[in-house]
Amino acid sequence: MWNQFQTDQYEGMIAETTTLKGYNGDLINAYYSRPIGDGPFGGIVLVHHMPGWDEFYREFARRFTNHGYIVVCPNLYQRFGHGTPEDMAAKVRGEGGVPDASVVGDCEAAMQYIKALPISNGKVGIIGTCSGGRHAFLSACRVKGFDAIVECWGGAVVMQPDQLTPARPVAPIDYTKDLSCPMLGIFGNEDQGPSPEQVNQHEEELKKHGKNYEFHRYDGAGHGFIYYDRANYRQQQAMDAWGEIFDFFSKHLQGAGARVPAGATA
């Protein structure tokens, strides 16, 4: 069970901004956190949501690192300039969104960054919420090398033809056949983006192609129900979802869910 640990164990982490070579060779910023110790540790690529490369995602990263993971969260909006997360998210929306190809390239670069670290155990998962959930699923379909993917209420995984744009030319659901790792889906039954009907379509496509997946759908919860800073936060459902996420990553990232004292090996 997550949120349970030995009170006499050592904990420590390093969390900082770093740079990596992303899509098309562009140098971009990323938030990087890792446990103190030699590892080896499992890794997670954290894909931020439409509100931007914000404080919530930094906290998200440190929570995973506190449970023994190396985390890299790339700034997917850097090519649009710099400013507050809110300002940059508004600019990205105003310019039609970040191109899917750019996001996939940046997520692949973050995965390779983790795998190249001497403290990595070679296993890397990917997770995102809302647009980040969509991007996480898209990246796990388009890139080989991820070992697990968690999609949290990914909006616009299912798209109508008139929703396609030059930046988003293919609906992620159409790449389902290429998914090459186990998947966990987290959804609220009161959400409309994705709606329960779209989640059904998503699941049917996974079944059609024989994918290894599990979906958890929560009654009484809508979009973004783990965001504790918003009115749509649902404590009971959020805590259960966190447990499912940690269990899933622990299973597929070789037991990296347990925190490792400095100098010890996982």
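Student: How many residues of E7 are buried?

Tutor: In this predicted model, 6 of the 6 residues of E7 are buried, so to speak of a mostly covered strand is appropriate. Buried means under 20% relative accessible area, exposed over 50% and partly exposed in between, with a 1.4 Å probe and protein chains only. Strands (E, at least two residues) and helices (H or I, at least four) are DSSP runs numbered from the N terminus.

Student: Which residues point which way from E7?

Tutor: Met183, Gly185 and Phe187 point one way from E7. Leu184, Ile186 and Gly188 point the other way, and all of these residues are buried.

Student: What is the pairing sense of E7 and E8, and over how many bridges?

Tutor: E7, which covers residues 183–188, pairs with E8 in the parallel sense over 6 bridges. Two strands pair if DSSP finds at least two bridges between them. Within E8, Phe215 is the bridge partner of Gly185.

Student: And how many bridges join E6 and E7?

Tutor: E6 and E7 are joined by 4 bridges, again in the parallel sense. Met183 in E7 is the bridge partner of Ile149.

Student: What is the order of the strands in the sheet?

Tutor: The order is E1-E2-E4-E3-E5-E6-E7-E8, in an open sheet of 8 strands with mixed pairing. Its edge strands are E1 (13–21) and E8 (213–218), each of which pairs on one side only.

Student: Which strands does helix H5 touch?

Tutor: Helix H5, residues 196–208, packs on the sheet and touches E6 (148–152), E7 and E8. Touching, or contact, means heavy atoms within 4.5 Å.

Student: Where does helix H1 lie?

Tutor: Helix H1, residues 55–66, lies across E1, E2 (27–35), E3 (41–47), E4 (70–74) and E5 (120–129).

Student: Moving to the interior, how many residues are in the largest nonpolar core?

Tutor: The largest core has 49 residues. A nonpolar core is a set of buried Ala, Val, Leu, Ile, Met, Phe, Trp, Tyr and Cys residues joined through side-chain atoms within 4.5 Å. Val45, Ile126, Phe137, Phe146, Ile149, Leu179 and Met183 have the most contacts inside this core. Helix H3 (residues 100–115) gives the most to this core, with 7 residues.

Student: What does Phe137 touch?

Tutor: Leaving out residues up to four places away in sequence, Phe137 touches Ile149, Glu151, Val157, Pro172, Ile173, Thr176, Leu179, Met183, His202 and Leu206.

Student: Which residues does the second core include?

Tutor: The second core is separate and has 33 residues, including Val71, Cys130, Tyr218 and Phe249.

Student: Is Ala221 buried or exposed?

Tutor: Ala221 is buried, because its relative accessible area is 0%. Ala221 lies in the loop between E8 and helix H6 (235–252). Beyond its neighbours within four places in sequence, Ala221 is in contact with Gly188, Asn189, Glu190, Asp191, Arg234 and Gln237. From C-alpha to C-alpha, Ala221 and Gln237 are 7.1 Å apart in space, and they are 16 residues apart in sequence.

Student: What conventions apply to these values?

Tutor: In this predicted model, local features need pLDDT of at least 70 and side-chain atom pairs count only at pLDDT 80 or more, whereas totals for chains, interfaces and linings use all residues. Residues are numbered from 1 along each chain as its sequence is written, and side-chain values use heavy atoms, with hydrogens and water left out.

Conventions: Axes fitted to C-alpha atoms, helices over the stretch in contact; angles between N-to-C directions.
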